[in-house]
Amino acid sequence: MMQVSEVDWSKTEQKVAKEAFEKAYEREIAALIQEVRAQASAIAELDDMWRLHDFLSARRHDIDGKYDYSYSALLFIFARLVKEGWLHLDELKGLQIDKLSKVAALSRM
């Protein structure tokens, strides 16, 4: 049985994966910017500003850790992005069926 880290990615799959990865990243960043604007416009006192700072620090840590484009982790990353709603399985069409199946199964966990 092949380990996930040993999965081969064809040139077509690499292209599909990169496009899907970038779409999910752009969606999450756009949502984050919208959220930050809403929170910033509601700042009324110093504590509000520090809450925004803490929120941003936590989100940066989460996003930096999540968006790691390494082929050995990509199926897990895609599953998380599907589960969180940043990516849709149909945006991964072009990947081998076994990869799609793994992403679908992992996203339901």
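# Salt bridges and packing in a predicted four-helix model

In this predicted model, a network of salt bridges links Glu-28, Arg-59, Asp-62, Lys-66, Arg-80 and Glu-84. The count of salt bridges by the rule applied here comes to 13. Side chains of opposite charge can pair when their charged atoms come close.

## Individual salt bridges

Three further pairs are set out below, each with the separation of its nitrogen and oxygen atoms and the places of its two partners.

| Pair | N to O distance | Places of the partners |
|---|---|---|
| Glu-13 and Lys-99 | 2.9 Å | helix 1 and helix 4 |
| Glu-91 and Arg-27 | 2.4 Å | loop between helix 3 and helix 4, and helix 1 |
| Glu-22 and Lys-18 | 4.0 Å | helix 1 for both |

The salt bridge between the side chains of Glu-13 and Lys-99 has an N to O distance of 2.9 Å. Because Glu-13 belongs to helix 1 and Lys-99 to helix 4, this pair ties together parts that are 86 residues apart in sequence. Both Glu-13 and Lys-99 are buried.

In the salt bridge of Glu-91 with Arg-27, the closest N and O atoms are 2.4 Å apart. Glu-91 is in the loop between helix 3 and helix 4 whereas Arg-27 is in helix 1, so parts that lie 64 residues apart in sequence are tied together by the pair. Glu-91 has a relative accessibility of 17% and counts as buried, while Arg-27, at 31%, counts as partly exposed.

The pair formed by Glu-22 and Lys-18 is placed within a single element, since both residues lie in helix 1, four residues apart, which is about one turn of the helix. An α-helix has 3.6 residues a turn, so residues three or four places apart point the same way. Glu-22 is partly exposed at 36% relative accessibility, and Lys-18 is likewise partly exposed, with a relative accessible area of 34%.

## The nonpolar core

The largest nonpolar core comprises 24 residues, and those with the most contacts inside it are Trp-9, Leu-74, Phe-78, Leu-81, Leu-87, Leu-92 and Val-103. At least two residues of this core come from each of helix 1 (11–41), helix 2 (46–66), helix 3 (74–84) and helix 4 (97–107).

Phe-78, when neighbours within four places in sequence are left aside, is in contact with Trp-9, Ala-17, Ala-20, Phe-21, Leu-87, Leu-92 and Val-103. One of these partners, Ala-20, is in helix 1 and counts as buried at 1% relative accessibility. Not counting residues up to four places away in sequence, Ala-20 touches Phe-78, Leu-87, Glu-91 and Leu-92. Glu-91, the partner of Arg-27 in a salt bridge, is therefore also among the residues that touch Ala-20, and it counts as buried at 17% relative accessibility. Ala-20 and Arg-108 are 88 residues apart along the chain, and their C-alpha atoms are separated by 19 Å.

## Helix 3 and its surroundings

The buried residues of helix 3 include Leu-74, Leu-75, Ile-77, Phe-78, Ala-79, Leu-81 and Val-82. The cover over the buried residues of this helix includes helix 1, helix 2 and helix 4. Just after helix 3, Gly-85 adopts a positive phi of about 90 degrees.

A contact from helix 4 can be followed at Ser-107, which is placed in that helix and is buried, with a relative accessible area of 12%. Leaving out residues up to four places away in sequence, Ser-107 touches Ala-79, Val-82 and Lys-83, and of these Ala-79 and Val-82 are among the buried residues of helix 3. The side chain of Ser-107 also reaches the backbone oxygen of Ala-104, at 2.8 Å.

## Helix 2 and a surface patch

Leu-52 is located in helix 2 and is buried, with a relative accessible area of 9%. Apart from neighbours within four places in sequence, the residues in contact with Leu-52 are Val-36, Gln-39, Ala-40 and Ile-43. Leu-52 and Gln-39 are 13 residues apart in sequence, and the distance between them from C-alpha to C-alpha is 6.8 Å.

Ile-43, one of the contacts of Leu-52, also belongs to a nonpolar patch on the surface that Ile-43, Leu-46, Met-49 and Trp-50 form, with about 380 Å² of accessible area together. Met-49, a member of this patch, is in helix 2 and counts as partly exposed at 39% relative accessibility.

Terms used:
Residues are numbered from 1 along each chain as its sequence is written. This is a predicted model: local features need pLDDT of at least 70, side-chain atom pairs count only at pLDDT 80 or more; totals for chains, interfaces and linings use all residues. Side-chain values use heavy atoms; hydrogens and water are left out. A nonpolar core is a set of buried Ala, Val, Leu, Ile, Met, Phe, Trp, Tyr and Cys residues joined through side-chain atoms within 4.5 Å. Buried means under 20% relative accessible area, exposed over 50%, partly exposed in between (1.4 Å probe, protein chains only). Contact means heavy atoms within 4.5 Å. Patches are made of residues with over 30% relative accessible area and no salt bridge: like charges are joined within 9 Å, nonpolar side chains (Val, Leu, Ile, Met, Phe, Trp, Tyr) within 5 Å. Accessible areas come from the Shrake-Rupley method with a 1.4 Å probe; for residues, only the protein chains shown count as cover. A polar contact is a pair of N or O atoms within 3.5 Å; within protein, one must be able to donate a hydrogen and the other to accept it, and residues adjacent in sequence count only if both atoms are side-chain atoms.
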